Amino acid sequence: MAQKRRESFKPHNKRSGAAGSRPVISKEPPVPYVPKPPVVYGKPVTLMEDPQRNTFEFKNGTWIPFAMSITECRRDCVVKELSQKVNQMTRYEVRFPV
């Protein structure tokens, strides 16, 4: 009858990586975490963007050119793309910080 091969289940102490790859311990205390104050956004504004990336705002029953592009609005504002397109123009709902 053949004997069973018994393997040891002890972890092997193998070193991985270079010998000098120990973490550097800083003597400076860690910087305390200070949370940012919450940003309050105003009412939503509906903007339209045409295929040439021009933006328009609906005011007084007409679409007038808007000063900022959608990419500029994404930096500071909350931009939400709306599902319906109108005359190959994309609608966006933009909320500016107060």
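How far is the sulfur of Cys77 from the closest cysteine sulfur, and in which residue does that sulfur lie? The distance is 5.1 Å, and the partner is Cys73; the separation is too far for a bond. This report describes a predicted model, and the cysteine pair is taken up again below.

**Overall architecture**

The protein chain has 1 helix and 5 strands. Read from the N terminus, these elements follow the order β-β-β-α-β-β. Strand β1 spans residues 41-49, and strand β2 covers residues 55-59. Strand β3 (62-65) is followed by helix α1 (70-76), with a loop between them that contains Ala67. Strand β4 comprises residues 78-86, and strand β5 comprises residues 89-97.

Of the 98 residues in the protein chain, 17% are buried. The accessible surface amounts to about 9,600 Å², and carbon and sulfur atoms account for 54% of that surface. When contacts between residues at least 6 apart in sequence are considered, 42% of them join residues at least 24 apart.

**The cysteines**

A disulfide is a covalent bond between the sulfur atoms of two cysteines. The structure holds 0 disulfides. For Cys73, the closest cysteine sulfur is that of Cys77, at 5.1 Å, which is too far for a bond. The cut-off for a disulfide is 2.5 Å between the sulfur atoms. Cys73 is buried, because its relative accessibility is 0%. Cys77 also counts as buried, because its relative accessibility is 10%.

**Thr55 at the start of β2**

Thr55 lies in strand β2 (residues 55-59). Is Thr55 buried or exposed? Thr55 is buried, because its relative accessible area is 5%, and the limit for a buried residue is under 20%. The side chain of Thr55 comes to 2.7 Å from the backbone oxygen of Met68. Met68 also appears among the residues that Thr55 touches, once residues up to four places away in sequence are set aside. The contact list further includes Met48, Glu49, Ile64, Pro65, Phe66, Ser69 and Ile70.

**Arg53, Glu49 and the β1-β2 loop**

A search of the whole structure finds 1 salt bridge. The salt bridge joins Arg53 to Glu49, and the closest N and O atoms are 3.6 Å apart. Which of the words buried and exposed applies to Glu49? Glu49 counts as buried, because its relative accessibility is 7%. Arg53, by contrast, counts as exposed, because its relative accessibility is 57%. Arg53 sits in the loop between β1 (41-49) and β2. Its backbone is notable for a positive phi of about 70 degrees, although Arg53 is not a glycine.

Glu49 also takes part in other relationships described here. It is one of the residues touched by Thr55, and its C-alpha atom is separated by 8.9 Å from that of Gln88, a residue 39 places apart from Glu49 along the chain.

**Further loop residues**

Gln88 is found in the loop between β4 and β5 (89-97). Phi of Gln88 is near 60 degrees, which is a positive value in a residue other than glycine. Gln88 is exposed, because its relative accessible area is 67%.

Ala67 belongs to the loop between β3 (62-65) and α1 (70-76). Ala67 is exposed, because its relative accessible area is 79%. The C-alpha atoms of Ala67 and Phe56 are separated by 8.5 Å, and these residues are 11 apart along the chain.

The table sets out the exposed loop residues discussed above.

| Residue | Loop | Relative accessible area |
|---|---|---|
| Arg53 | between β1 and β2 | 57% |
| Gln88 | between β4 and β5 | 67% |
| Ala67 | between β3 and α1 | 79% |

**A nonpolar surface patch**

Which residues make the nonpolar surface patch of about 240 Å²? The patch is made by Val39, Tyr41 and Val78. Val78 lies in strand β4 (residues 78-86). Val78 counts as partly exposed, because its relative accessibility is 35%. This value satisfies the requirement for patch residues, which is over 30% relative accessible area.

Notes:
Residues numbered from 1 in each chain as written. Predicted model: local features only at pLDDT ≥ 70, side-chain atom pairs only at ≥ 80, totals over all residues. Heavy atoms only, no water. Patch = residues over 30% accessible without salt bridge, like charges linked within 9 Å, V, L, I, M, F, W, Y side chains within 5 Å. Areas by Shrake-Rupley, 256 points an atom, 1.4 Å probe, with all protein chains shown as cover. Salt bridge = Lys/Arg side-chain N within 4 Å of Asp/Glu carboxyl O. Helix = DSSP H or I, 4+ residues; strand = E, 2+ residues; numbered from the N terminus. Buried < 20%, exposed > 50% of the residue type's maximum accessible area, 1.4 Å probe, protein only. Polar contact = N/O pair within 3.5 Å; in protein donor to acceptor, adjacent residues only side chain to side chain. Contact = heavy atoms within 4.5 Å.
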